[in-house]
Amino acid sequence: MTKNKNNDEIVVRSGLNKDSLREDIKLHLRHTLAKDEYSRTNWDNYRSVVLTLMDRLHDRWLNTQQQYHTSGVKRVYYLSMEYLIGRLLDNMVVNLDVQQEVADACADLGLDYDDIRDAEWDAGLGNGGLGRLAACFLDSMATIGIPATGYGLRYDYGMFYQKVINGFQIEKPDLWLRYGNPWDVVRPKIQYPVEFYGHQEMFSKPSGEIEYQWKNTDKVLAVAYDTPIPGYDNGIVNNLRLWKAESDTALDLQSFNQGQYIDAVRDNQLEQNITRVLYPNDKMFVGQELRLKQEYFLVSASMQDILRRFKNQTDDWTKLPEKVAIQCNDTHPNLAIPELMRVLLDEVDMTWEKAWDITVNTMAYTNHTLLPEALEKWPISLVRNLLPRHLNIIYEINRRFMDSIKVKFGDDRNRMSRMSIVSEGEHPVVHMAHLGIVGSKKVNGVAALHSRLLKESMFRDFDEMYPDKFTNKTNGITPRRWLKQCNVDLSALITENIGNDWITDLGELHKLEKLADDKKFQKKFADIKLANKKKLADYIKMKMDIDVDPKSLFDIQIKRIHEYKRQLMAALHVITLYNRIKENPDLDVVPRTVIFGGKAAPGYTMAKLHIKLINAIGDVVNNDPDVKDKLKCVFLENYRVTLAETMIPAADLSEQISTAGMEASGTGNMKFTLNGALTIGTLDGANVEIKEEVGDDNIFIFGLTVEEVDELRRAGYNPQTYYHGNAELKRALDQIREGFFSPDNKSLFEPIINALLYEGDYFMVLADYEAYVKEQENVEKVFRKPAEWNKKAIINVANVGKFSSDRTIKDYNDEIWQTELFELKK
């Protein structure tokens, strides 16, 4: 037995003290990676640290999975096309509670932990809020003891790496796997065939019943890659299983030897394309087909894995809902419903009624959108070609569903048309959201307002059909990553004052409210915010060579670029502030740094033009000597989790300004609030609940409500009225129209002007502009009073406990999954 000078045992491969970690880092560098101090690179140092942590995780991982198996506990399976997990190193050391020990072990070896951390690329497994929510949920499920597995796809390339060149978004490949991923473990023996194409054949059984078989299919192999997901300091390690597509057939050696090299490898490569890229461009048919292939590939492989595990416990299929809960994260995995039906009907030989009862009681579906155009609809022709057996099952589900509508509502053809899973007309489609509602035990929205609007508008007919099916599960964020990890100093200040129970019970933060008026606490709180702002200012200087004042108001909007999120309104506000300063250079203004970040979908031309406009405004504002340090406008390229971890702790003001009724929830709003930013926002998504929690006086709310938006549309919204009725708005729009921000191409931003003035301004930017500008003036009034601002910020932090993803997951479990919270046996 080896001990250090403090008489602590040095335990190779499992010890969590500094000396044990240090010795293993050295061993892995030399004996696993075959490197020494002369040949090692920063990537080698990073890998040696990861391998050392993986040693510690493997014991806990195996022990957790074995105890799940022997206990026979009900399992939760989370199906998602995205997991925006970011970098994992910090997350792992936080949840193992060895942040200082790892840093010290590295220092003993002459290594800088920050340099090692920077060697890691953000995992290219997700894009926006949907994927980040899934990542938070995985963390919370492990932390509170939900026996869960996440299923997704192991994309070779992420959505894209965003470069901004001459103000335009340019998409580059996201090569996140260029050097491999040391956090995942390939399971070459866990692979399943996934079938596509072919046709369905019918046979008569001796009983006279018809049997269906799916014949002459093309097969692709799904190979499992596992990533450990540790809970916080509880020994539990759950599993994220990602599927990679591999060819089912060997290389056609005869063709290869005859010189037909391309033909020989073509089919193999086409099959591997299924997991090549996150979100292929679905503007073209080929992209649509690949996207549907991805969704079924995820569903089929995951279902085979789920049912294999179930059959290891029992051969009584009626117990499936007692042992398995499957949660579909949005419509993308809803093919799991006809897939489970296919297995039960064709392979288990179950009757329709029995199979349907089991399926509905096993499945649950989360809806993430209020935008009808964002709900997936697949052309019948595409589904028929790719998944003929599933289309037949969907038709039968729909036929029986239509019959049930007749029983409840009579022969109401309009209602049946609105609710049908399969639309009629020249180009019929499968409505995946309708399929998810009909085939699930529960359907949830992700904020109170969103869930209410689902029932009152988009899915009103379904709520009348199934009054107990719809429920709300307000989204949440994990405090481990979004405070303890990303804002170390604020985390330490909180722990110093109220203890560390908040890490797993965010409601404990309410104890901070009594410190909101405490001058010493306010001073420490403000100093931490300023230090975080300096870090972001340094990053901006390094990346863009723009000097920003850390003492200015950091006004930040970071999210996917979309018209309904209204980055355009924030940009118009920047123009307005600029014009005011130009008119009166001596004007007493609150210095402000407006910072944007986010990616636009490659095919979303208008959103990409918004990025160009923001950058064009920045070019003018940042280079005008009259403005000096009073105003800056910055667009940070390639927004991702790691960048968010720098931006969110530095924010003074959080922009949550979507058109009311269009944002399902938002979780960025929660992250900003947790880190002491005040919110300016509409009464949309989770803003409504944040306002309820922090109080009306501690949030800046403006703009039309959902009801007012609807009323204005019905009354006949005319954006020209607002254009001519507000001189500052008119001037800003005229400057854009006349090429003030694009002197080399005066008509560059004409599509933006047309959308706002002549095509209806669907997202009501002009209608809310005046109220937004006035509320920004209220922001400035408060920011001029640091004590008042800091008090409000502390109250925000103190009242954000509801928005922990731990609470969200407990809500899911209490109402939908209903499994026991697991504690490991020692």
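1. The buried residues of helix 29 pack against five helical elements: helix 22 (567-583), helix 23 (605-622), helix 28 (719-725), helix 30 (750-758) and helix 31 (765-783). Helix 29 itself spans residues 727-737, and its buried positions are Leu729, Ala732, Leu733, Asp734, Gln735 and Ile736. The buried set thus named includes Asp734 and Gln735 alongside Leu729, Leu733 and Ile736. These assignments, like everything below, refer to a predicted model.

2. Both ends of helix 29 merit comment. At its start, a side-chain oxygen of asparagine 726 comes to within 3.1 Å of the backbone nitrogen of glutamate 728. After the helix comes glycine 739, with a positive phi near 90°.

3. As to the sheet, 6 strands make up an open arrangement with parallel pairing, in the order 20-19-18-21-22-23. The edge positions belong to strand 20 (631-636) and strand 23 (700-701); each has a single partner strand, so one side of each lacks a neighbour in the sheet.

4. Helix 21, covering residues 519-544, packs on this sheet and touches strand 18, strand 19 (592-597) and strand 20. Its direction makes about 70° with that of strand 20.

5. Within the sheet, strand 18 (residues 553-558) and strand 21 (residues 653-656) run parallel and are joined by 2 bridges. Isoleucine 556 has serine 654, in strand 21, as its bridge partner.

6. Elsewhere in the model, glutamine 294 deserves a separate point. Is this residue of helix 9 (residues 285-311) buried or exposed? Glutamine 294 is buried, its relative accessible area being 0%. Its side chain reaches two backbone oxygens: that of isoleucine 274 at 3.0 Å and that of valine 277 at 2.8 Å. The polar side chain of this buried residue therefore has contacts with the backbone at both isoleucine 274 and valine 277.

7. Finally, on internal space: how many cavities of 30 Å³ or more does a search of the whole structure find? The search returns 7. The largest cavity has a volume of about 150 Å³. Its lining consists of 18 residues, and those nearest the centre are Tyr46, Glu120, Trp121, Trp176 and Asn181.

Technical notes
Residues are numbered from 1 along each chain as its sequence is written. This is a predicted model: local features need pLDDT of at least 70, side-chain atom pairs count only at pLDDT 80 or more; totals for chains, interfaces and linings use all residues. Side-chain values use heavy atoms; hydrogens and water are left out. Two strands pair if DSSP finds at least two bridges between them. Helices (H or I, at least four residues) and strands (E, at least two) are DSSP runs, numbered from the N terminus. Contact means heavy atoms within 4.5 Å. Axes are lines fitted to C-alpha atoms, for helices over the stretch in contact, and angles run from 0 to 180 degrees between N-to-C directions. Buried means under 20% relative accessible area, exposed over 50%, partly exposed in between (1.4 Å probe, protein chains only). A polar contact is a pair of N or O atoms within 3.5 Å; within protein, one must be able to donate a hydrogen and the other to accept it, and residues adjacent in sequence count only if both atoms are side-chain atoms. On a 1 Å grid over the protein atoms alone, a cavity is a set of points where a 1.4 Å probe fits but cannot get out, and a pocket is an open set with protein on both sides within 12 Å along at least five of seven lines; lining residues have an atom within 4 Å of a point. Grid points are joined across faces, edges and corners, and a volume is the space filled by probe spheres set on the points.
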